[in-house]
Amino acid sequence: QVQLVASGGGLVQAGDSLRLSCVASGMPDEKYARGWFRQAPGKEREFVARLPWSGGMPTYADSVKGRFTISRDNAGSTVYLQMNNLNPADTAVYSCAAGRDYLRTYAYWGQGTQVTVSS
């Protein structure tokens with residue numbers, strides 16, 4: 001059974017940093033692109049960042065470029081989202097996902113972790 005477990009959220013002040021982690025287990029192999037998404041109250045889920053398995057460049061939503069960095073550990077099972085210079089607009093539930101590089105959809109989704117940024 002595939003599981004993606006996100007952690008690292010919390011309550012911080014504007015300008016602070018957080019690092020989210022997403023640990024994957026049970027996947028057929030590690031050759032999956034990994035993504036982060038977020039959903040704020042009353043809004044639809046939106047894309048945040050994607051890291052291909054193939055070694056391609058990560059992609060980011062315009063709203064987080066230059067502030068957020070997605071990375072993966074050497075084993076490939078854990079993906080991180082380093083979030084710097086947070087602002088209240090970043091408040092949301094952040095979820096991680098995994099999917100094959102050649103597909104734009106994600107086969108596996110994890111539960112979210114709450115990030116709250118106070119002004």
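1. Does Asp62 count as buried or exposed, and at what relative accessibility? In this predicted model, Asp62 has a relative accessibility of 63% and therefore counts as exposed, since the term applies over 50%.

2. The surroundings of Asp62 may be described next. Asp62 lies in the loop that connects strand 6 (59–60) with strand 7 (68–72). Its side chain forms a polar contact with the side chain of Lys65, at 3.1 Å. Val48 is 14 residues away from Asp62 along the chain, and the C-alpha atoms of these two residues are 8.5 Å apart.

3. A second point of interest is strand 9, which spans residues 92–99. This strand is mostly covered, with seven of its eight residues buried.

4. Strand 9 runs antiparallel to strand 4 (residues 33–39), and the two are joined by seven bridges. Within this pairing, Gly35 has Ala97 of strand 9 as its bridge partner.

5. Strand 9 also pairs with strand 11 (residues 113–118), in the antiparallel sense and over three bridges. Here Tyr94 is matched with Thr113 of strand 11 as its bridge partner.

6. Strand 10 (residues 108–109) is likewise antiparallel to strand 9, to which it is joined by two bridges. Ala97 has Trp109 in strand 10 as its bridge partner. Ala97 thus appears in two pairings, as the partner of Gly35 and as the partner of Trp109.

Definitions and conventions
Residues are numbered from 1 along each chain as its sequence is written. This is a predicted model: local features need pLDDT of at least 70, side-chain atom pairs count only at pLDDT 80 or more; totals for chains, interfaces and linings use all residues. Side-chain values use heavy atoms; hydrogens and water are left out. Buried means under 20% relative accessible area, exposed over 50%, partly exposed in between (1.4 Å probe, protein chains only). Helices (H or I, at least four residues) and strands (E, at least two) are DSSP runs, numbered from the N terminus. Two strands pair if DSSP finds at least two bridges between them. A polar contact is a pair of N or O atoms within 3.5 Å; within protein, one must be able to donate a hydrogen and the other to accept it, and residues adjacent in sequence count only if both atoms are side-chain atoms.
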